[in-house]
Amino acid sequence: MNDILVADCGSTKCAWALLRADGSERRFASAGMNPALLDLPALESALAEGLGWLDLPGRVGEVFFYGAGCAGDGAGRMLAALEAALPGASVEVRSDLVGAARALFGDRPGIACILGTGSNSGYYDGKDIVRNVRPMGFILGDEGSGASIGRILLNQYFKGWLGEATRRDFEREYPSLTYDEVVRRVYREPGANRFLASFAPFVVAHMDDPRLAGRVDETFAAFFRESLAAYPGGLHLGFAGSLASAFAPRLQRLLGGRPASFLASPLESLAAYHRR
């Protein structure tokens, strides 16, 4: 019996679990990769950096990769990159949404939601995602995501709407950040979604600013309105992602008492799923 490699990968970070044939397990992390945004050479380079220090080729028999952007052409590119990195292994590439649903519900149906760098949601029938409202990415959509929350913070800071204490903390935290740098990072350089989402922890720590908190509630409400309302009622609701976990009490309140579960990282549950 060969080892099994499981990945839960977002645009910002990738969490891995190596399930060894002897029953032991090793976990590690690498930089995130989104095949919807990266070409094949860039994916191969990211995998070489993330996995190259491990002696995996020939030992890994199966790979289960759950990732952001792993649909359509993106899934094909990710599959090609993994097959090149781990020749001889059987590779399955699925969306991060399928991974979140399997981690949250196992073989039970439910509505799976991801709130991380981006946002996504889907109706899971216990085997697969059978209905999905397209998230549309950080420019056209991704309501409730880290990128959306970072955009709110930067917008309020540069337009002068942050509370005085929050503004002072922002300037201490990011003393060299200028308007020109923000424009350059968002409009002229790759990884704008990750750049915006990097400000989410600051927002989490400053939710006592009523104007900022109100705008964050608005983006969560937009996620509920634009995505969750499209799915059947009566099903359990599950949220995955570090952002969802950080905002769990607020999200639960905004849901008006509807039962929901929260999972910071799907990897542990996915490892157990594939140990069966």
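**View 1. Helix α3 and the residue after it.** In α3 of this predicted model, the residues Asp96, Leu97, Val98, Gly99, Ala100, Ala101, Arg102, Ala103, Leu104 and Phe105 are buried. The helix, which spans residues 96–105, is thus described as mostly covered, with 10 of its 10 residues buried. Gly106 follows α3 and has a positive phi, near 65 degrees.

**View 2. The largest nonpolar core.** This core has 37 residues, and within it Leu228, Phe239 and Phe247 are those with the most contacts. At least two residues of the core are supplied by each of several helices and strands, including the strands β6 (110–115) and β9 (237–240) and the helices α5 (146–158), α7 (179–187) and α10 (210–226). In soluble globular proteins, nonpolar side chains tend to be buried together.

**View 3. The surroundings of Phe247.** When its neighbours within four places in sequence are left aside, Phe247 is in contact with Ile149, Val203, Val204, Met207, Val216 and Phe220.

**View 4. A second core.** Separate from the largest core, a second one of 25 residues includes Trp16, Met33, Leu47 and Leu82.

**View 5. A nonpolar patch on the surface.** Met136, Ile139 and Leu140 form this patch, and together they have about 360 Å² of accessible area. Ile139 belongs to helix α4, which covers residues 137–140. With a relative accessible area of 68%, Ile139 counts as exposed, because that value is over 50%.

Terms used
Residues numbered from 1 in each chain as written. Predicted model: local features only at pLDDT ≥ 70, side-chain atom pairs only at ≥ 80, totals over all residues. Heavy atoms only, no water. Core = buried A, V, L, I, M, F, W, Y, C linked by side-chain atoms within 4.5 Å. Buried < 20%, exposed > 50% of the residue type's maximum accessible area, 1.4 Å probe, protein only. Helix = DSSP H or I, 4+ residues; strand = E, 2+ residues; numbered from the N terminus. Contact = heavy atoms within 4.5 Å. Patch = residues over 30% accessible without salt bridge, like charges linked within 9 Å, V, L, I, M, F, W, Y side chains within 5 Å. Areas by Shrake-Rupley, 256 points an atom, 1.4 Å probe, with all protein chains shown as cover. Salt bridge = Lys/Arg side-chain N within 4 Å of Asp/Glu carboxyl O.
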